[in-house]
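Colleague: I should be grateful for a close look at a single part of this model, followed by the charged pairs elsewhere in the chain. Please write for a first-year student.

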Amino acid sequence: MLLIPGPVEVPYSVSNAGSIVSNHRSPEFKNVVKENESLLNKFSGAYKTVMVTGSGTLAVETMVFSLINNNDRVLSLSYGNFGERLIDSIAKKTTNTQFIRYDQLNIETLLEEIRSRDFDKLFLVHNETSNGTAIRDLTEIIKIVNEKGAKLLVDDVSGFAGYNMDMNGIYAMVTGSQKNLASIPGIGIIFLSLEAYNDVMSQASTNTPFYLDLKTSLKFLEKNETAYTPSTGAFISLNYALKILEKEGFANRVKRITSSADFIRSSLSDNGVEIFGNKGTYSSTVVCFYNNDPDMVKKLAEYGITVSKGMGNLANTTLRVGTMGMINNHYIEKFLNSYFKISGKNIIIKESDIPQSTRLPDFLVDDVSLA
């Protein structure tokens, strides 16, 4: 049972589709690309969506290298390891930068800092998987950015489809196939607003590497193609996963994921486990909590449960549980009861204790491993 912050458990139908090798220039595969983009545009509110074979980090670097111009004043902020990775990518593209770093996220301090800075483009991580915190509501940040006449670019690799958020007020945003979309790893996804699309297409030739060049990808997307040979199986898996998401309903997926994180977090906290972050910054897709048993990951693995250690300065003191993708009441019950048993706590979580909102829709029950 994968309960890490990605990749996640996926339906059998999605997993099986990953083995399909297809002619990527065939009418059938072009239809896959077309359907994928159409559904991703629908879920996100994007004008155009580019899909590239690679990880979420590839999507981030495609956004960075294609959407920062030489004269842009760039501000980027970090409150975890993936924010630092975003800063590293930006620093490779431009030196006209300002960086804000926090050991722990404080929303009010963050807002004041953004208000006080002058910038053309603001980059941030919406949901930080390294420590289970998030800027849960981007509304005020969007307002500040718009008032400055600037543009907001968002790394939402681990957040998209885990929150009721779309592209409204956002210039560009990225995600990955292996998180809340519940597909196999291998597809980086770049959502573009109409303004971002027009800016890319009006650019003269740049020195952006071919693989990271959105303009090239968008020209091929007009033909429902990718600019280079893609992982056909990963594209087809994503097609299955997006149709499952459409059938479940985007808001229902968000509710299941959020309810799962809330219940795990409250169950741990109510029984003496300290959670990283606070109620204003808790992630909907990752629960990060303090742990003093250095063998806990190994012990949980003996119960068939895979979780992750923390990252960076939290690596030796915390564990992370992913609540993405196909998270459900069965996974929650098994994880909590196993964890409490290993911890020597006489606590039993019953199925009746777990909210109905964490359950899989009926049509998915036979398509997902519940062991």
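Modeller: The account below turns to one helix and then to the salt bridges. Please bear in mind throughout that this is a predicted model.

The part chosen is helix α8, which spans residues 214–221. This helix is mostly covered, since six of its eight residues are buried. The buried residues are L214, K215, T216, S217, L218 and L221. What do these buried residues of α8 pack against? Their partners include three helices and two strands: α2 (27–44), α3 (56–67) and α7 (194–202), together with β1 (48–53) and β9 (187–192). At the start of α8, D213 contributes a side-chain oxygen that comes to within 3.0 Å of the backbone nitrogen of K215. K215 is itself among the buried residues of the helix.

Helix α2, one of the elements packed against α8, also leads to the salt bridges. The count for the model comes to 17 salt bridges. In one of them, K42 is paired with E246, and the closest N and O atoms are 2.8 Å apart. K42 belongs to helix α2 and E246 to helix α9 (residues 232–248), so that distant parts of the chain, 204 residues apart, are linked by this pair. Is K42 buried or exposed? K42 is exposed, because its relative accessible area is 54% and the category begins over 50%. E246, by contrast, counts as partly exposed, with a relative accessibility of 36%.

A second salt bridge joins the side chains of K121 and D72, at 2.8 Å from N to O. K121 lies in strand β4 (residues 121–125), whereas D72 lies in the loop between α3 and β2 (74–78); the pair therefore ties together parts that are 49 residues apart in sequence. Both K121 and D72 are buried.

A third salt bridge brings together the side chains of D120 and R73, at 3.1 Å from N to O. D120 is found in the loop between α5 (107–116) and β4, and R73 in the loop between α3 and β2; the two residues are 47 apart and link distant parts of the chain. D120 is partly exposed, with a relative accessible area of 24%. R73 also counts as partly exposed, at 37% relative accessibility.

Finally, salt bridges may join into a network, as they do for R25, K30 and E225.

Notes. Residues numbered from 1 in each chain as written. Predicted model: local features only at pLDDT ≥ 70, side-chain atom pairs only at ≥ 80, totals over all residues. Heavy atoms only, no water. Buried < 20%, exposed > 50% of the residue type's maximum accessible area, 1.4 Å probe, protein only. Helix = DSSP H or I, 4+ residues; strand = E, 2+ residues; numbered from the N terminus. Contact = heavy atoms within 4.5 Å. Polar contact = N/O pair within 3.5 Å; in protein donor to acceptor, adjacent residues only side chain to side chain. Salt bridge = Lys/Arg side-chain N within 4 Å of Asp/Glu carboxyl O.
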